[in-house]
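Here is a short tour of one protein model. Keep the viewer open as you read along.

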Amino acid sequence: MAGGEGTRLRPLSCDLPKPMVPLLNRPLLEHILLLLRRHGVREVALTLCYRPHLIEEYFGDGARWGMKLRYFREEVPLGTAGSVRQAAEFLGEETFLVLSGDALTDFDLTAALRFHQQAGGVATLVLTRVQQPLEYGIVITDESGRIVRFLEKPGWSEVFSDTVNTGIYVLEPQVLSAVPADRPYDFSKDLFPRLLASGAPLMGWVAEGYWSDIGNLEEYRRGHEDALEGRVHLETPWVLRRVQGETEVWQEEGARVDPGAKLVGPVYLGRGTVVEAGAEV
């Protein structure tokens, strides 16, 4: 799902859809595609809405990443479930994954798929534990992992769990038949509560690893720090070298640093960067 406008990331997102905002010189969406590739996914449908041409022009048919990409544009916002419903024919009759194209994560998607297949549900929501659950949808499961309750963005008086919905789902194709075609429809607000009320087996799997929805500028800055400090595993083209004791410098090809420059790490230097004598980074 790559239709986000990213209003809380302005001015970075004034001219970019949120999935194209760079994190260490790569769009957030590119990090997600590399994660999918790492777990064996080679065919991806991208649902687009805000400035879709920028995503299409950057990623093309996906061949550069060893993937096949198909694009589905929303002329009007359709909600998360409504946007994915557009790709129903592409998805066919197979189990499929849904991810946000503007999050930062290194979750084990293979393990999530394995849990889903063993649990036998129609949908598995990938969950994580957070210290501040107010901005997320809280999910309660029983001992088997079956979901028994949802609560969207609670107040402190309503908080009954620190386990939240990450917006990553493993779904069976029949769930899309419950999504109407004539109005916006959301996974967490509309579809999943409806399936739960009908008695459909919805499962929740608590993932280990890193996840951030990069919802604002503070989280965007923290995402860079976490990547440089090794708290999130990303595929990178960087060369790591150590200078001035323990300082770490992540350096792309073609970056040059004068011996008279001072670097206080962690520092990231993009392709073609020149740091001259007397400069301090």
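What kind of unit do β3, helix α2 and β4 make? They form a right-handed β-α-β unit. This is a predicted model, where local features need pLDDT of at least 70, side-chain atom pairs count only at pLDDT 80 or more, and totals for chains, interfaces and linings use all residues. Residues are numbered from 1 along each chain as its sequence is written, and side-chain values use heavy atoms, leaving out hydrogens and water.

Strands β3 and β4 pair in the parallel sense over six bridges, and Ala45 has Arg70 in β4 as its bridge partner. Helices (H or I, at least four residues) and strands (E, at least two) are DSSP runs. The elements of the unit are:

| Element | Residues |
|---|---|
| Strand β3 | residues 43-48 |
| Helix α2 | residues 52-59 |
| Strand β4 | residues 68-73 |

Now to the interior. The largest nonpolar core (buried nonpolar residues joined through side-chain atoms within 4.5 Å) has 31 residues, of which Leu33, Leu36, Val44, Ile55 and Phe59 touch the most other members. Helix α1 gives the most to this core, with six residues. Val44 is in contact (heavy atoms within 4.5 Å) with Leu33, Leu36 and Phe90, among others, not counting residues up to four places away in sequence. A second, separate core of 28 residues includes Val84, Phe96, Leu127 and Phe150.

Glu172 lies in the loop between β10 and α6. Glu172 is buried (under 20% relative accessible area, 1.4 Å probe, protein chains only) yet has no salt bridge (a side-chain nitrogen of Lys or Arg within 4 Å of a carboxyl oxygen of Asp or Glu); the nearest side chain of opposite charge, Arg114, is 14 Å away. Beyond its neighbours within four places in sequence, Glu172 is in contact with residues including Phe96 and His116.

Terms used. Pairing = 2+ DSSP bridges. Right-handed = clockwise from strand over helix to strand, strands pointing away. Buried < 20%, exposed > 50% of the residue type's maximum accessible area, 1.4 Å probe, protein only. Lys, Arg positive; Asp, Glu negative; His and termini not counted.
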